[in-house]
Amino acid sequence: MSLALQKSLLENLFSAVPRFFAYNFEMENKSLFDFDVLIAGGGPSGAALGNLLASSGISCCVADKAFFPREKLCGGLVTAKTRKLACEIAGKDILSASDAYEMRDIAFFYEGAPVAATSVDSPFNIVERRIFDNALLRLFVEKGGTLLEGREVVSVDTGVNCVKLKTGETLRYRVLVGADGVYSKIRPLVEQHPLPTAFCCEAFVPKDTANLGDCIAMHFGLVPYGYAWVFPRSDSYAVGFGGLAPKDFDYKTTMAYLLEAIGAPSIPFKGMHVPYGHFVRKPVKRNILLVGDAAGLVDSMTGEGLYYALLSAKKASVAILNFLHSGEKLDAYVASLAPIHAHIKSATRAQRFFYNRQIQKAIFKRAHGRTNFVRYAAENVISNGDMTWGEAFLKYFGEKIFGR
Ligand SMILES: Cc1cc2nc3c(=O)[nH]c(=O)nc-3n(C[C@H](O)[C@H](O)[C@H](O)COP(=O)(O)OP(=O)(O)OC[C@H]3O[C@@H](n4cnc5c(N)ncnc54)[C@H](O)[C@@H]3O)c2cc1C
């Protein structure tokens, strides 16, 4: 063998050594990836947080068990405050990219009979969640985030800061975020007590099947501690109900009855839980935090959760950036959630008052034809969030009693 050939063989052999070890390391650890922030769940809370962190140059991964676009059972009602916040987080008008259906007219019904209707100044938008969620998530990728679809988080080793996926892969994090919805797998790492929830049923009725009018309809007095809704979308209506019904409440028969009543008995429907009046008081433990439904952040009068998913993501992004850049404790996130917690507590007090059967009956008896009743609730409390439920009740009853 010539000296030159011997030299080149040895060179090849030695250059292969590091590759061999690298290969074995990869195999041993089944593709170990490192991220500053790992977000379990790519719904609105996870995608919003991803957008904010990726814009700040943080190495961030969203792992979701679904492939997007994916369905999510939801009325898709986006209030004016939610739209504003979503556009701020996305850095563009994300609603236009989401095929949103704009709606100003809203009507309240009690036990099936019309009570009052009004047209609000700040319109509602009704989105299809498969389109809206996908738009927000793709924007995260455009900003440089890593998206792993079809990756279910199955376990977490908090000792070594690693998450195991159903695919067998392992992801390492400095901060782990539970944005994995109402049935969160991350929540038990932070809070042991189960989160009490309400139950919802919903169907999407094509517009050529039934004519349910072109207005947002909220039906009270049909479901215990909750309401039924009809939200028009571009080609269908989202029809559903949710509430704190007793254990023996027959959801299936009630939903079938509702669909039959609107002339769409053969439309399939699904059920899902929603946080409703209970939230995780301290949604942080060491380097793990929770956002959105995983933290129980939903309005307990209306079931609105999109706004709180986005707002908690915004607050989490501030705490995470301070943690990564200056070593501040993530606990600051808990304090920043105080206004959301205060709102949910006040909504829960209003819920106990407003959904009490006798009180509700008395209110609706007197509210007949009174548009201000619908306006304060729909425009001020629900859409803009510039009044609490207590303030709206006081204003309405004040006007009735004192004629103001
Ligand atoms: C019937 C119904 C109607 C509703 N209507 C409205 C409405 O009109 N307006 C409104 O504002 N709110 C509404 N809500 C509430 C709203 O849907 C939620 O508050 C909102 O979706 C919360 O967003 P999120 O990102 O926290 O969770 P989600 O949107 O639930 O997203 C969680 C994500 O995590 C993923 N995931 C779950 N487990 C894992 C895992 N182990 N590993 C990886 N990924 C995982 C899921 O695939 C999902 O993509 C409604 C809820 C229901 C049930």
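So, how many helices and strands does the secondary structure of the protein chain come to? The count is 12 helices and 16 strands. Before we go further, keep in mind that this is a predicted model.

Let me start with how confident the predictor is. The average pLDDT for the protein chain is 89, and 91% of the residues score at least 70. Then there's the start of the chain: across residues 1-30 the pLDDT is below 50. Leaving aside near neighbours in sequence, that stretch has 6 contacts in the model. I'd go lightly on that part today.

Now the overall picture. If you lay the C-alpha trace along its principal axes, the protein chain spans about 105 × 45 × 40 Å. There are 404 residues in the protein chain, and 43% of them count as buried. Take the contacts between residues at least 6 apart in sequence: 69% of these join residues at least 24 apart.

Okay, on to the sheet. We have an open sheet of 8 strands, and the order goes β3-β5-β4-β11-β12-β13-β10-β14, with mixed pairing. Which strands stand at the edges? Those are β3, residues 77-78, and β14, residues 270-275. Each has a single partner strand, so one side of each is left without a neighbour in the sheet. As a reminder, strands of a sheet pair through backbone hydrogen bonds, either parallel or antiparallel.

Let's zoom in on the β14 end. Strand β10, residues 197-206, pairs with β14 in the antiparallel sense, over 6 bridges. If you want a spot to click on, find C201: its bridge partner in β14 is G271.

What about helices on this sheet? Helix α6, residues 251-261, lies across β10, β12, β13 and β14, and it runs at about 30 degrees to β10. Then we have helix α11, residues 371-384, which packs on the sheet and touches β4 and β5. The direction of α11 makes about 30 degrees with that of β5.

Last stop, the ligand. Which of the 38 residues around the ligand come nearest? They're G41, G43, G75, G292 and G305. Elements giving two or more residues to the shell are α2, β10, β13, β14 and α7. So β10 and β14, our antiparallel pair, turn up again around the ligand. It's α2 that gives the most, with 3 residues. By class, the shell has 16 nonpolar, 13 polar and 9 charged residues.

That's my tour, thanks for listening.

Key
Residues are numbered from 1 along each chain as its sequence is written. This is a predicted model: local features need pLDDT of at least 70, side-chain atom pairs count only at pLDDT 80 or more; totals for chains, interfaces and linings use all residues. Two strands pair if DSSP finds at least two bridges between them. Helices (H or I, at least four residues) and strands (E, at least two) are DSSP runs, numbered from the N terminus. Two residues are in contact if their C-beta atoms, placed from the backbone, lie within 7 Å. Axes are lines fitted to C-alpha atoms, for helices over the stretch in contact, and angles run from 0 to 180 degrees between N-to-C directions. A residue is buried if 20 or more other C-beta atoms lie within 10 Å of its own, exposed if 12 or fewer, and partly exposed in between; C-beta atoms are placed from the backbone. pLDDT is the predictor's confidence in each residue, from 0 to 100. A residue is near a molecule or strand if its C-beta atom, placed from the backbone, lies within 6 Å of it. Ala, Val, Leu, Ile, Met, Phe, Trp, Tyr, Cys and Pro count as nonpolar, Asp, Glu, Lys and Arg as charged, and the others, Gly among them, as polar.
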